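Visitor: I would like to go through this model term by term, asking for the grounds behind each label.
Guide: Then let us take the structure first and your questions after it.

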Amino acid sequence: MVARAQRWLVLAWLVAAVAWTAAWWSRSPAMAIAGLLVLSGSHAVFLAFEFVLAWRVDESDPLPRASAWQFFKAWLAESIAAPRVFAWYQPFRWRAIPDHLPQAGRRGVVLVHGFVGNRAFWTPWLRELRAADRAFVAVDLEPVFGSIDRYVQTIDAAIVRVTAATGQPPLLICHSMGGLAARAWLRDADGARVHRIATLGTPHRGTWLARFGRTANGRQMRMGGEWLQRIDGERTSVQQVPFSCWYSNSDNIVFPTSVATLPGADNRLAAGRGHVELAFDAPVRREVLALLDAT
């Protein structure tokens, strides 16, 4: 389970921070503080490497590349958003906001997270939906490193639950790999069972970074890969269900930029957003949730 593994990682970080501080504080407070800064900022250094790769790869993409300033601002925002998700929401808050299924008769939502995520990824969305008394189910995709095809039944069961509560086909909201899982569900499902599919930073045509993936689902996201070729068929496309695809020109995970778009879809640029930040951008969230009442 993602939550358990990420709790252990956070605990290991805390132990390392305490041990370093205890070992150095009496001898050199400056060294103790420097070590804490390194421990605290290591994730930002790794993210910077991803953004530099995205900057270089985007140079040959047909869609316009973000400016260096946009990439820099996206890196700063992602350095804040990513730890909030992976060191707080997902490890410790994954049960904090349970699924909500009122018999309200208004359209509901199924939320599908991405790679190495869990339902707590959607925490700000769940709060807003709960406050509005909208029905929602946020799924956990297991096994974490399994084939994307194995997530189909989980998504189907969530759609059944929300439809039973509201009497209406739900809106599917998917981040990253979650959008591919929704398209895998479409292969053998009736597209009329959902109102629309909204994807945020989904590698519809793969991502350059997936060449380094060694897990089953990581390999399936390789650009030009066999799995993506099989899923890129009529039954998994905009011909079956309306798609709205939010993408960023400074995404540090899904790049080059154009891979997060779908031909014929309602493709919407959220300029200067990192991969995680894209799902935490308030204007994007407002636009996506407005689809609940769209025809």
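Visitor: How do you know which class of residue prevails in the lining of the largest pocket?
Guide: In this predicted model, the lining of the largest pocket is sorted by class into 30 nonpolar, 16 polar and three charged residues, with Gly counted among the polar ones. The pocket holds about 1,600 Å³ of space, and of the 49 residues that line it, F46, L47, E50, F86 and V116 are the closest to its centre. The elements that give two or more residues to this lining are α1, α2 (29-57) and α3, and α2 gives the most, with nine residues.

Visitor: What makes the other space, the one lined by R93, A96, I97, R119, T123 and L126, a cavity?
Guide: The term applies because a 1.4 Å probe fits at its points but cannot get out, whereas a pocket is an open set. A search of the whole structure, with a threshold of 30 Å³ or more, finds one such cavity, and about 40 Å³ of space lies in the largest cavity. By class, its lining has three nonpolar, one polar and two charged residues; Arg counts as charged, and R93 and R119 are among the lining residues.

Visitor: Why is α1 called oblique to α3?
Guide: Helix α1 (residues 2-24) and helix α3 (residues 68-92) pack at an angle of about 135°, with their axes 8 Å apart. Angles over 145 degrees count as roughly antiparallel and those from 65 to 115 as roughly perpendicular, and the angle of about 135° falls in neither range, which makes α1 oblique to α3. The crossing in which α1 passes α3 is left-handed.

Visitor: Which residues make up the contact of α1 with α3?
Guide: On the side of α1 they are V2, A3, Q6, R7 and V10, and these meet F86, A87, Q90, P91 and F92 in α3. By class, the residues of this contact divide into seven nonpolar, two polar and one charged. F86 is also one of the residues closest to the centre of the largest pocket.

Visitor: What makes α5 and α6 roughly perpendicular?
Guide: The axes of α5 (152-166) and helix α6 (residues 177-186) cross at roughly 80° and come within 9 Å. Since the range for that label is 65 to 115 degrees, α5 and α6 are therefore roughly perpendicular to each other. In their contact, V152, I155, D156 and I159 in α5 meet A181, A182, A184 and W185 in α6, and these residues divide into seven nonpolar, no polar and one charged.

Visitor: What is there to remark on in the phi of V116?
Guide: Most residues other than glycine have a negative phi. The phi of V116, however, is near 55°, a positive value in a residue other than glycine. V116 lies in the loop between β1 (109-112) and α4 (123-131), and this residue is also among the closest to the centre of the largest pocket.

Visitor: Which residues are joined by a cis peptide bond, and where do P143 and P256 lie?
Guide: Most peptide bonds are trans. A cis peptide bond joins E142 and P143, with omega at about -5°, and P143 is placed in the loop between β2 (136-138) and α5. Another cis peptide bond joins F255 and P256, where omega is about 5°, and P256 has its place in the loop between β5 (243-247) and β6 (266-269).

Methods. Residues are numbered from 1 along each chain as its sequence is written. This is a predicted model: local features need pLDDT of at least 70, side-chain atom pairs count only at pLDDT 80 or more; totals for chains, interfaces and linings use all residues. Side-chain values use heavy atoms; hydrogens and water are left out. On a 1 Å grid over the protein atoms alone, a cavity is a set of points where a 1.4 Å probe fits but cannot get out, and a pocket is an open set with protein on both sides within 12 Å along at least five of seven lines; lining residues have an atom within 4 Å of a point. Grid points are joined across faces, edges and corners, and a volume is the space filled by probe spheres set on the points. Axes are lines fitted to C-alpha atoms, for helices over the stretch in contact, and angles run from 0 to 180 degrees between N-to-C directions. Helices (H or I, at least four residues) and strands (E, at least two) are DSSP runs, numbered from the N terminus. Angles under 35 degrees count as roughly parallel, over 145 as roughly antiparallel, 65 to 115 as roughly perpendicular and the rest as oblique. A crossing is left-handed if the near helix is turned anticlockwise from the far one by less than a right angle, and right-handed if clockwise. Contact means heavy atoms within 4.5 Å.
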